[in-house]
Every structure is written in structure tokens, then in C-alpha cells.
Amino acid sequence: MRSAACFASSLLCCFTILQGCGCLRDVNLEIKPSIVQRGHETTLFCHYDLEDGAPLYSVKWYRGRHEFYRYSPTERPSTKIFPYEGINVDKAASNASVVVLQYVGFSLSGNLSCEVTADAPSFATAVVSRQILVVELPEEDPVIRTEHNRYFPGDYLIANCTCPPSKPGASMAFYLNNRSILQEEREPLSDEGDELVENIINLSMQLDPSHFYKGTFTLKCSAVVTPLYQKTVEIRLSNSPHQPVPERVMRSGCLKTQRLPKVFYLSQVMVLLSLWR
């Protein structure tokens, strides 16, 4: 799950720009949650400390370079909202240090900034920034499909693992007997636009005797879409005819082996007996 851990750490990156005197201290930006599902809500907290009774001049919020919310206590009205696609400010729940965003869209993903300015005479200013990511998670677990339902040493294992569409795309991996054999990583911020990404990983490898334990081996597939979605599924394959057939097998367009009901077999026996008589 390395990609999920790396992305989570990248969202913790924050930088601060200070201008003016020291009357403005401890400026910090929190985003809860910083990874939010499309259509949900997130809350932005801009923490700051105005020392020596310095008055507040304004707090401005930016997505990239675009200002979308401003709080100015000396103006009437004290709050202003500037339209931006994918940003819907809950005006009633927002104030000098908190901004609530509802029904967020993919276009919100990126850099958010809070700019705090003290009033005269210093007009000290501080800007803090953090990353936010809007995601669409897969609706179901991954699914493994194999070309055959039984394998022997020397056979080629051909399989794929699919995961429902998401944004960003899933980082996927195959494991044979709990050992990683194939990985496809995705950068969380690399998928642009509103289109969801199809998730599939394909495997082709030759099996050797070391892959089998008592005639069987385990094939696992993992799919990670940020820390919010981390799923692993597995199937057990064997060269024994007595082993259960895996749930999904790629063959002749049929994805699931079906057993005929016992009534069918009994009816066939009765027909044979009548003909023998």
C-alpha cells in the first residue's frame, strides 16, 4: 500500500509566507477531510493568532490563484463569495476562521490557500497552503478472472483483475502466494477532467513447481484509491480435480461455472432405465 501512504504524506505539505511585523503568529491551515468524495462536504480551518490586540483586516481563501471567499470584519456585508466551479460555500456556517464547502466537485482538487492580514498600522500578512483531493471511489471490490480453472507446473497463468471505475485511477497489484509479482502505480493527481478511470491489470506468467504447495497456489489482487479505498481479493487454484472451481473463470465468455441440479441427473437416469427395459 505504498502509494496510499505516499499520497497521504503529500497532503500534509504546508507552506507559510509571512510579511510585516510579528503581531501575526501561529498561522496554520487544516482541511477536514483533505481527501473528500465528490458531492460530499469538507471544512477548512484557518488558525491564526493576532498579538497585542492587533485588529483583523481580512481573511481571504484561494483555490490556486482564484479567490472564492473573503471575510472582512470592517466591511458590510462582512463576507463575500466569488463563484468558482466545484466550490459551493455554506455561507451560514462560514466565518473569520472556518469555511464549509458543500457538494464539492473534481475541480476543487489542488492547492487551497488562506491569506490572513492584520489591520493598520502593520498590515502584516501570512499565507498558508495545503493540498486537497476530490475523489470518486469504486462501488465494489476488485474481481479476479483466470483463463483456466486448473493449472500445472509449466502452464501459463493468464489472468486479469478489474476494479470499478474511479477517480483517481486505482494502483493495482497481483500477488502469488503472498509475494508481489506485478504492480501498476498511479499518481493521485495525474488524472484530469471529470471522466472516471477504468481499472484493470493483466498478468501472464509461466508457473513452475515452486509455485505449488500440495498442488495449489493462491492468487491475490489489491486495488488502492487513496487511503479511503484499499481492497484485496484472492482465489485458490489447483491441479486437483477435487479442488473447488474458482468463482470466476475466463472461458468462452462464461464467468462462472454452474452445476446442473440433481433433478436433471435423476431424470436422465429414469430415461435410460425405461429404454433398457
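In this predicted model, one open sheet consists of 3 strands in the order 2-4-8, and their pairing is antiparallel. The edges of this sheet are taken by strand 2 (24–32) and strand 8 (98–101), each of which has a single partner strand, so one side of each is left without a neighbour in the sheet. From one strand to the next, the twist averages 10°. Strand 2 and strand 4 are joined over 7 bridges in the antiparallel sense, and within this pairing R25 stands opposite D49 of strand 4.

A second open sheet has 4 strands, arranged in the order 14-13-16-17 and again paired in the antiparallel sense. Here strand 14 (179–184) and strand 17 (229–238) stand at the edges, and because each has a single partner strand, one side of each is left without a neighbour in the sheet. Neighbouring strands of this sheet are turned against each other by 20° on average, direction ignored. Strand 16 and strand 17 run antiparallel and are joined by 10 bridges, and S222 has T232, in strand 17, as its bridge partner.

**Disulfides**

A disulfide is a covalent bond between the sulfur atoms of two cysteines. A search of the whole structure finds 2 disulfides, and with the bonded cysteines counted along the chain they follow the pattern 1-2, 3-4.

In the disulfide of C46 and C114, the sulfur atoms lie 1.9 Å apart, and the angle of -85° about the S-S bond makes the link left-handed. This pair connects distant parts of the chain, with C46 in strand 4 (residues 42–50) and C114 in strand 9 (residues 110–118), 68 residues apart. Both C46 and C114 are buried.

The other disulfide is formed by C161 and C221, with their sulfur atoms 2.0 Å apart, and this link, too, is left-handed, with -90° about the S-S bond. Here again distant parts of the chain are linked, since C161 belongs to strand 12 (residues 156–166) and C221 to strand 16 (residues 216–225), with their positions 60 residues apart. C161 is buried, as is C221.

Which cysteine sulfur is nearest to C163, a residue in no disulfide? The nearest is that of C161, at 7.1 Å; because a disulfide requires the sulfur atoms to be within 2.5 Å, this separation leaves C163 unpaired. C163 is also buried, with a relative accessible area of 4%.

**Salt bridges and a buried arginine**

Side chains of opposite charge can pair when their charged atoms come close. The structure holds 6 salt bridges, and the table gives K32 with E30, R38 with E136 and E75 with K80 as examples among them.

| Salt bridge | Closest N to O | Relative accessible areas |
|---|---|---|
| K32 and E30 | 3.5 Å | K32 48%, E30 26% |
| R38 and E136 | 3.0 Å | R38 35%, E136 22% |
| E75 and K80 | 3.6 Å | E75 27%, K80 34% |

In the pair of K32 and E30, K32 is partly exposed, and E30 likewise counts as partly exposed. The side chains of R38 and E136 meet in a salt bridge that links distant parts of the chain, where R38 lies in the loop between strand 3 (35–37) and strand 4, while E136 lies in the loop between strand 10 (125–135) and strand 11 (143–146), 98 residues apart. R38 is partly exposed, and E136 is partly exposed as well. For the salt bridge of E75 and K80, both E75 and K80 are partly exposed.

R130, which is found in strand 10, presents another situation. What is the nearest side chain of opposite charge to R130, and how far away is it? That side chain is E30, at 7.3 Å; because a salt bridge calls for a side-chain nitrogen of Lys or Arg within 4 Å of a carboxyl oxygen of Asp or Glu, R130 has no salt bridge although it is buried. The side chain of R130 does, however, reach the backbone oxygen of L29 at 2.4 Å. E30 itself forms a salt bridge with K32.

Definitions and conventions. Residues numbered from 1 in each chain as written. Predicted model: local features only at pLDDT ≥ 70, side-chain atom pairs only at ≥ 80, totals over all residues. Heavy atoms only, no water. Helix = DSSP H or I, 4+ residues; strand = E, 2+ residues; numbered from the N terminus. Buried < 20%, exposed > 50% of the residue type's maximum accessible area, 1.4 Å probe, protein only. Pairing = 2+ DSSP bridges. Axes fitted to C-alpha atoms, helices over the stretch in contact; angles between N-to-C directions. Lys, Arg positive; Asp, Glu negative; His and termini not counted. Polar contact = N/O pair within 3.5 Å; in protein donor to acceptor, adjacent residues only side chain to side chain.
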